[in-house]
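Thank you for making time this morning. I would like to take you through one structure, and I suggest that you keep the sequence beside you while I talk.

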Amino acid sequence: MADQGFDLLAVAHLYEAEQLRRAGVPADLMLLSPLPLGGAAAAVELDIQASVFLPETVRALSEAAAKLGRPAKVQLKIETGMNRIGVKPGADLAALLAYLRELGNLKVAGVFTHFSTATYTEDPFVYEQYDLFCKAVAQIRESGIEPRYIHCANSGATGWFKEDLCTHVRPGSLYMGHA
(Lines give C-alpha, C1' and ligand atoms only; values in the text may rest on other atoms or scores of the structure.)
Protein backbone atom coordinates (compact mmCIF):
# COMPACT_ATOMS: atom_id res chain seq x y z
CA MET A 1 0.00 0.00 0.00
CA ALA A 2 2.80 2.43 0.81
CA ASP A 3 4.39 1.60 -2.56
CA GLN A 4 1.10 2.61 -4.21
CA GLY A 5 1.15 6.05 -2.62
CA PHE A 6 -1.07 5.53 0.42
CA ASP A 7 -0.05 8.23 2.88
CA LEU A 8 -1.73 6.77 5.97
CA LEU A 9 -2.00 3.15 7.06
CA ALA A 10 -4.15 2.13 10.01
CA VAL A 11 -3.55 -0.98 12.09
CA ALA A 12 -5.34 -2.53 15.01
CA HIS A 13 -2.39 -3.21 17.33
CA LEU A 14 0.81 -1.43 18.31
CA TYR A 15 2.96 -4.45 17.47
CA GLU A 16 1.66 -4.34 13.87
CA ALA A 17 2.67 -0.70 13.52
CA GLU A 18 6.07 -1.47 15.08
CA GLN A 19 6.64 -4.25 12.54
CA LEU A 20 5.73 -1.99 9.62
CA ARG A 21 7.92 0.86 10.83
CA ARG A 22 10.89 -1.44 11.50
CA ALA A 23 10.42 -2.92 8.01
CA GLY A 24 10.96 0.57 6.61
CA VAL A 25 7.40 1.54 5.70
CA PRO A 26 7.58 5.34 5.39
CA ALA A 27 3.83 6.11 5.37
CA ASP A 28 2.14 7.63 8.39
CA LEU A 29 0.96 4.82 10.67
CA MET A 30 -1.94 5.04 13.06
CA LEU A 31 -3.24 2.80 15.79
CA LEU A 32 -7.02 2.29 15.69
CA SER A 33 -7.28 0.59 19.07
CA PRO A 34 -6.33 2.02 22.45
CA LEU A 35 -2.63 2.43 23.13
CA PRO A 36 -1.52 -0.44 25.36
CA LEU A 37 -0.24 0.35 28.83
CA GLY A 38 3.46 1.16 28.53
CA GLY A 39 3.28 1.72 24.76
CA ALA A 40 3.67 5.50 24.70
CA ALA A 41 7.45 5.57 24.30
CA ALA A 42 7.34 3.11 21.38
CA ALA A 43 4.59 5.10 19.67
CA VAL A 44 6.56 8.35 19.92
CA GLU A 45 9.92 6.77 19.07
CA LEU A 46 8.53 5.07 15.94
CA ASP A 47 6.33 8.03 14.91
CA ILE A 48 3.08 6.07 15.25
CA GLN A 49 -0.12 8.07 15.64
CA ALA A 50 -1.94 6.82 18.71
CA SER A 51 -5.70 7.07 19.11
CA VAL A 52 -6.50 9.31 22.05
CA PHE A 53 -9.71 9.75 23.96
CA LEU A 54 -8.61 9.39 27.60
CA PRO A 55 -6.59 11.87 29.66
CA GLU A 56 -4.31 9.05 30.87
CA THR A 57 -3.20 8.29 27.31
CA VAL A 58 -2.67 11.96 26.56
CA ARG A 59 -0.51 12.30 29.68
CA ALA A 60 1.57 9.19 28.90
CA LEU A 61 2.21 10.35 25.34
CA SER A 62 3.10 13.88 26.45
CA GLU A 63 5.57 12.54 29.00
CA ALA A 64 7.15 10.16 26.47
CA ALA A 65 7.40 12.96 23.92
CA ALA A 66 9.13 15.23 26.47
CA LYS A 67 11.66 12.50 27.27
CA LEU A 68 12.37 11.82 23.60
CA GLY A 69 12.47 15.49 22.65
CA ARG A 70 9.84 15.32 19.89
CA PRO A 71 6.08 15.69 19.70
CA ALA A 72 3.76 12.72 19.87
CA LYS A 73 1.36 12.54 16.92
CA VAL A 74 -2.17 11.55 17.80
CA GLN A 75 -5.59 11.03 16.29
CA LEU A 76 -8.69 11.91 18.26
CA LYS A 77 -11.20 9.05 18.43
CA ILE A 78 -14.74 10.43 18.57
CA GLU A 79 -17.55 8.40 20.12
CA THR A 80 -20.60 8.73 17.90
CA GLY A 81 -22.56 5.58 18.69
CA MET A 82 -20.36 2.50 18.36
CA ASN A 83 -20.03 2.64 22.16
CA ARG A 84 -16.63 1.02 22.42
CA ILE A 85 -14.00 3.75 22.68
CA GLY A 86 -13.85 7.47 22.09
CA VAL A 87 -14.54 10.89 23.48
CA LYS A 88 -18.00 12.38 23.12
CA PRO A 89 -18.37 15.73 21.36
CA GLY A 90 -19.26 18.67 23.55
CA ALA A 91 -17.98 19.06 27.11
CA ASP A 92 -15.93 15.84 27.12
CA LEU A 93 -14.12 16.73 23.88
CA ALA A 94 -13.57 20.31 25.09
CA ALA A 95 -11.95 18.99 28.28
CA LEU A 96 -9.69 16.64 26.32
CA LEU A 97 -8.66 19.41 23.92
CA ALA A 98 -7.86 21.69 26.86
CA TYR A 99 -5.76 18.94 28.44
CA LEU A 100 -3.87 18.41 25.17
CA ARG A 101 -3.03 22.13 25.07
CA GLU A 102 -2.12 22.21 28.76
CA LEU A 103 0.34 19.33 28.56
CA GLY A 104 1.85 20.14 25.20
CA ASN A 105 4.23 17.86 23.29
CA LEU A 106 1.31 16.54 21.20
CA LYS A 107 0.29 17.18 17.61
CA VAL A 108 -3.21 16.25 16.47
CA ALA A 109 -2.76 14.64 13.06
CA GLY A 110 -6.29 13.34 12.64
CA VAL A 111 -9.77 12.69 13.89
CA PHE A 112 -11.96 9.65 13.31
CA THR A 113 -14.98 7.67 14.31
CA HIS A 114 -16.32 4.24 13.45
CA PHE A 115 -19.74 3.52 11.99
CA SER A 116 -21.53 0.74 13.83
CA THR A 117 -24.08 -0.22 11.16
CA ALA A 118 -22.43 0.80 7.87
CA THR A 119 -22.74 -2.67 6.34
CA TYR A 120 -26.42 -1.81 5.88
CA THR A 121 -26.60 0.52 2.89
CA GLU A 122 -28.18 3.87 3.66
CA ASP A 123 -28.73 2.98 7.32
CA PRO A 124 -30.17 6.11 9.02
CA PHE A 125 -27.99 5.58 12.11
CA VAL A 126 -24.86 6.05 9.99
CA TYR A 127 -26.11 9.52 9.10
CA GLU A 128 -26.81 10.26 12.77
CA GLN A 129 -23.27 9.20 13.61
CA TYR A 130 -21.92 11.32 10.76
CA ASP A 131 -23.81 14.40 11.95
CA LEU A 132 -22.34 13.98 15.43
CA PHE A 133 -18.88 13.46 13.92
CA CYS A 134 -19.25 16.68 11.88
CA LYS A 135 -20.05 18.56 15.10
CA ALA A 136 -16.90 17.14 16.70
CA VAL A 137 -14.74 18.12 13.71
CA ALA A 138 -16.19 21.65 13.86
CA GLN A 139 -15.46 21.78 17.59
CA ILE A 140 -11.85 20.67 16.99
CA ARG A 141 -11.39 23.27 14.26
CA GLU A 142 -12.90 25.98 16.48
CA SER A 143 -10.22 25.12 19.05
CA GLY A 144 -7.55 26.01 16.48
CA ILE A 145 -6.65 22.50 15.34
CA GLU A 146 -6.84 21.55 11.67
CA PRO A 147 -6.48 17.76 11.39
CA ARG A 148 -4.79 16.43 8.25
CA TYR A 149 -6.66 13.13 8.42
CA ILE A 150 -10.44 13.01 8.85
CA HIS A 151 -12.03 9.58 8.48
CA CYS A 152 -15.15 7.67 9.41
CA ALA A 153 -15.90 5.32 6.50
CA ASN A 154 -14.96 1.76 7.39
CA SER A 155 -15.19 -1.11 4.88
CA GLY A 156 -18.96 -1.31 5.15
CA ALA A 157 -19.38 2.34 4.22
CA THR A 158 -16.79 2.70 1.46
CA GLY A 159 -19.14 1.50 -1.27
CA TRP A 160 -22.06 3.79 -0.55
CA PHE A 161 -21.23 6.56 1.91
CA LYS A 162 -20.27 9.62 -0.14
CA GLU A 163 -20.27 12.59 2.27
CA ASP A 164 -17.50 15.08 1.59
CA LEU A 165 -16.06 16.08 4.98
CA CYS A 166 -13.60 13.18 5.16
CA THR A 167 -10.15 12.92 3.62
CA HIS A 168 -9.62 9.16 3.91
CA VAL A 169 -11.47 5.81 4.11
CA ARG A 170 -10.60 2.60 5.93
CA PRO A 171 -11.29 -0.35 3.59
CA GLY A 172 -9.13 -2.83 5.52
CA SER A 173 -11.67 -5.64 5.72
CA LEU A 174 -12.37 -5.34 2.00
CA TYR A 175 -8.66 -5.43 1.27
CA MET A 176 -8.40 -8.61 3.35
CA GLY A 177 -11.29 -10.19 1.42
CA HIS A 178 -14.00 -9.83 4.06
CA ALA A 179 -17.40 -8.41 3.25
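I will begin with the overall fold, go on to the charged pairs and two backbone angles, and finish with a pocket.

Please bear in mind throughout that what you see is a predicted model. The protein chain contains seven helices and seven strands, and if you read along the sequence, these elements follow the pattern β-α-β-α-β-α-β-α-β-α-β-α-β-α. Of the 179 residues in the protein chain, 46% are buried. If we take the contacts in the protein chain with a separation of 6 or more, then 58% of them are between residues 24 or more positions apart.

Let me now turn to the charged pairs. As a general matter, side chains of opposite charge can pair when their charged atoms come close. How many salt bridges does the structure hold? There are three salt bridges, and I will take them one at a time.

The one I would start with is formed by Asp28 and Arg148, whose closest N and O atoms are 3.5 Å apart. This pair links distant parts of the chain, since Asp28 sits in strand E2 while Arg148 sits in the loop between helix H5 (124-142) and strand E6 (149-153), and the two are 120 residues apart. Is Asp28 buried or exposed? Its relative accessibility is 16%, and because the limit for a buried residue is under 20%, Asp28 counts as buried.

It is worth staying with Asp28 for a moment, and looking at what else surrounds this residue. Strand E2, in which Asp28 lies, covers residues 28-34. Besides the salt bridge with Arg148, the side chain of Asp28 is joined to the side chain of Tyr149 by a polar contact of 2.5 Å. If we leave aside the neighbours within four places in sequence, the residues in contact with Asp28 are Asp7, Leu8, Leu9, Arg21, Gln49, Arg148 and Tyr149.

Among these contacts, I would point to Asp7, which lies in the segment before strand E1 (8-11). Asp7 and Asp28 are 21 residues apart along the chain, and their C-alpha atoms are separated by 6.0 Å. Asp28, as I said, counts as buried, whereas Asp7 is partly exposed, with a relative accessible area of 29%.

The next salt bridge is that of Lys73 with Asp47, where the closest N and O atoms are 3.3 Å apart. Lys73 lies in strand E4 (residues 72-77) and Asp47 in the loop between helix H2 (40-45) and strand E3 (48-52), so this pair ties together parts that are 26 residues apart in sequence. Both partners count as partly exposed, Lys73 at 25% relative accessibility and Asp47 at 28%.

The remaining salt bridge is between Glu146 and Arg141, with the closest N and O atoms 3.0 Å apart. Here Glu146 counts as exposed, at 52% relative accessibility, while Arg141 is partly exposed, with a relative accessible area of 36%.

That brings me to the backbone, and we return to Asp47. Although Asp47 is not a glycine, it has a positive phi of about 60°, and we have already placed this residue in the loop between H2 and E3. Which other residue should we look at for its phi? Asn105, again a residue other than glycine, has a positive phi near 65°. Asn105 is found in the loop between helix H4 (91-103) and strand E5 (106-112), and it is partly exposed, with a relative accessible area of 35%.

Finally, I would like to describe the second largest pocket, which holds about 160 Å³ of space. Its lining consists of Leu35, Pro36, Leu37, Gly38, Gly39, Ala40, Glu56, Thr57, Arg59, Ala60 and Glu63. Which element gives the most to this lining? Helix H3 (residues 55-68) does, with five residues. As for the character of the lining, the residues divide into five nonpolar, three polar and three charged.

If you go back to the view on the screen, I would suggest starting from Asp28 in strand E2, then finding Arg148 in the loop between helix H5 and strand E6, and afterwards moving to helix H3 and the second largest pocket. Thank you, and I am glad to take questions.

Conventions
Residues numbered from 1 in each chain as written. Predicted model: local features only at pLDDT ≥ 70, side-chain atom pairs only at ≥ 80, totals over all residues. Heavy atoms only, no water. 1 Å grid on protein atoms, 1.4 Å probe; cavity = no way out; pocket = protein on both sides within 12 Å on 5 of 7 lines; lining within 4 Å. Points joined across faces, edges and corners; volume = space filled by probe spheres on them. Helix = DSSP H or I, 4+ residues; strand = E, 2+ residues; numbered from the N terminus. Nonpolar A, V, L, I, M, F, W, Y, C, P; charged D, E, K, R; others polar. Buried < 20%, exposed > 50% of the residue type's maximum accessible area, 1.4 Å probe, protein only. Polar contact = N/O pair within 3.5 Å; in protein donor to acceptor, adjacent residues only side chain to side chain. Contact = heavy atoms within 4.5 Å. Salt bridge = Lys/Arg side-chain N within 4 Å of Asp/Glu carboxyl O.
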